[in-house]
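Here are some exercises to work through with the model open beside you. Try each task before reading its solution.

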Amino acid sequence: MPVIDNLPIEEILREARKDGGDFAEVFCESQALTTIICDDNRVENVTTAEDVGVGLRALHDLRTAYASTNDLTSNTLIDLAKSVGGAASKTTPAQPLVVLQKSDQKARPGVKSHPGGVGLEKKIDIVKRANAVARASDKRVAQAHVILKDRVRHIWIAGSDGTRAHDE
């Protein structure tokens with residue numbers, strides 16, 4: 001289930017705009033990370049981790065406030081939304097408007113195998129094979145240091161204008 005589905009999004013957005021904000025958004029990110037290290041002809045370290053966080057942004061009359069947390073409790077997120085909304089609505093000296101230009105986005109390279117679909121044992125096997133290939137490449141190779149790292153990121157965004165988006 002997506003992280004964003006477990007959060008009181010409508011209430012967070014409402015609190016972020018309560019002080020007259022023009023727009024608010026919630027940015028959720030979940031990352032699954034794997035690191036495997038082979039040194040001295042043996043797998044020395046295998047680490048997997050997951051990291052989840054939420055960012056809140058509020059806009060009011062060209063002023064923006066942003067805050068983030070990895071505490072996903074409803075009370076924390078609603079309190080954070082109140083703070084962000086209040087900060088965006090405070091009076092500050094006028095700043096010149098920056099006009100951004102659209103740029104063409106290059107196509108992403110294809111992924112042969114999604115890291116989330118490759119088991120940990122298979123990843124360890126890949127590292128061991130890379131170590132063996134490095135050592136067999138020349139008799140002078142006395143040591144090989146092989147590292148496999150992967151990261152799968154999921155990003156969800158919900159805006160007070162009704163926009164919802166997801167990317168991986």
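## Exercise 1: The two faces of a strand

Task: Sort the residues of β3 into those on its covered face and those on its uncovered face.

Solution. Keep in mind that this is a predicted model. Begin with the general pattern: side chains in a regular strand alternate between the two faces of the sheet. Now apply that to β3: R63, A65, A67 and T69 belong to the covered face, while T64, Y66 and S68 belong to the uncovered one.

## Exercise 2: From hairpin to sheet

Task: Find how β3 is joined to β2, then place both in the order of the sheet.

Solution. Start at the turn. β2 and β3 form a hairpin with two residues between them, and D61 in this turn has a positive phi of about 50 degrees. Next, follow the pairing: β2 (residues 42-60) and β3 run antiparallel and are joined by seven bridges. As one example, V54 has T69 in β3 as its bridge partner.

Now widen the view. The open sheet has five strands in the order β3-β2-β1-β4-β5, paired antiparallel. β3 (63-69) and β5 (164-167) each have a single partner strand, so one side of each lacks a neighbour in the sheet. On average, neighbouring strands are turned by 15 degrees against each other, direction ignored.

## Exercise 3: Helices on the sheet

Task: Which strands does α1 touch, and which does α3 lie across?

Solution. Take α1 (residues 9-17) to begin with: this helix packs on the sheet and touches β1 (23-39), β2, β4 (145-159) and β5. The direction of α1 makes about 120 degrees with that of β1. Then turn to α3 (residues 120-136), which lies across β1, β2 and β4 and runs at about 50 degrees to β1.

## Exercise 4: A helix pair

Task: Describe how α1 and α2 pack, from their axes to their residues.

Solution. The axes of α1 and α2 (residues 74-89) come within 7 Å and cross at roughly 25 degrees. Angles under 35 degrees count as roughly parallel, so α1 is roughly parallel to α2. Their crossing is right-handed.

Finally, look at the contact: E11, I12, E15 and A16 in α1 meet L77, I78, A81, K82 and G85 in α2. These residues divide into five nonpolar, one polar and three charged.

How values were computed: Residues are numbered from 1 along each chain as its sequence is written. This is a predicted model: local features need pLDDT of at least 70, side-chain atom pairs count only at pLDDT 80 or more; totals for chains, interfaces and linings use all residues. Side-chain values use heavy atoms; hydrogens and water are left out. Two strands pair if DSSP finds at least two bridges between them. Helices (H or I, at least four residues) and strands (E, at least two) are DSSP runs, numbered from the N terminus. Axes are lines fitted to C-alpha atoms, for helices over the stretch in contact, and angles run from 0 to 180 degrees between N-to-C directions. Contact means heavy atoms within 4.5 Å. Angles under 35 degrees count as roughly parallel, over 145 as roughly antiparallel, 65 to 115 as roughly perpendicular and the rest as oblique. A crossing is left-handed if the near helix is turned anticlockwise from the far one by less than a right angle, and right-handed if clockwise. Ala, Val, Leu, Ile, Met, Phe, Trp, Tyr, Cys and Pro count as nonpolar, Asp, Glu, Lys and Arg as charged, and the others, Gly among them, as polar. Buried means under 20% relative accessible area, exposed over 50%, partly exposed in between (1.4 Å probe, protein chains only).
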